[in-house]
Amino acid sequence: FEYELRLDLLGEAIKTARKKRNLTQEQLGQLVGVQKAQISKLENSLTDARFATIIKVFHALNARINFRVDLPV
């Protein structure tokens with residue numbers, strides 16, 4: 001059972017989606033309601049982000065997200 005969420009993968013996904021939408025970190029931050037520095041920290045996996053913030057970021061990017069949880073039998 002893996003405990004830690006792979007923030008490096010989330011950060012890379014956020015950065016890729018932001019660039020595909022031609023948004024700056026500041027613009028994305030404004031859409032989400034956070035500072036540019038917070039977006040930078042998320043993209044570079046420098047912070048433990050709240051799940052709600054990550055959801056807001058992907059929602060602002062108009063990205064569909066899927067989380068999968070597998071429980072051993």
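These legends walk you through a few close-up views of a predicted model.

**View 1. The largest nonpolar core brings together residues from four helices.** Welcome to the inside of the model: this core has 13 residues. Those touching the most other members are I14, L28, L42, V57 and L61. At least two core residues come from each of α1 (7-20), α2 (25-32), α3 (36-43) and α4 (51-60).

**View 2. I14 and the residues it touches.** Leaving aside residues up to four places away in sequence, look around I14 for L28, L42, E43, V57, F58 and L61. You may recognise L28, L42, V57 and L61 from the first view, where they are listed with I14 among the core residues that touch the most other members.

**View 3. The buried side of α4.** Here you can pick out T53, I54, V57 and F58, which are buried residues of α4. These four lie on the same side of the helix because they cover an arc of only 135° around the axis. The cover over the buried residues of α4 includes α1, α2 and α3.

**View 4. What comes after α4.** Follow the chain onward from α4 and you meet N62, with a positive phi near 55°. F67 also has its place in the segment after this helix.

**View 5. A nonpolar patch on the surface.** Now for the outside: F51, I55 and F67 make a nonpolar surface patch of about 270 Å². Is F67 buried or partly exposed? F67 has 41% relative accessibility, so this residue counts as partly exposed.

Terms used:
Residues are numbered from 1 along each chain as its sequence is written. This is a predicted model: local features need pLDDT of at least 70, side-chain atom pairs count only at pLDDT 80 or more; totals for chains, interfaces and linings use all residues. Side-chain values use heavy atoms; hydrogens and water are left out. A nonpolar core is a set of buried Ala, Val, Leu, Ile, Met, Phe, Trp, Tyr and Cys residues joined through side-chain atoms within 4.5 Å. Buried means under 20% relative accessible area, exposed over 50%, partly exposed in between (1.4 Å probe, protein chains only). Contact means heavy atoms within 4.5 Å. Patches are made of residues with over 30% relative accessible area and no salt bridge: like charges are joined within 9 Å, nonpolar side chains (Val, Leu, Ile, Met, Phe, Trp, Tyr) within 5 Å. Accessible areas come from the Shrake-Rupley method with a 1.4 Å probe; for residues, only the protein chains shown count as cover. A salt bridge is a side-chain nitrogen of Lys or Arg within 4 Å of a carboxyl oxygen of Asp or Glu. The arc is that of the directions from the helix axis to the C-beta atoms.
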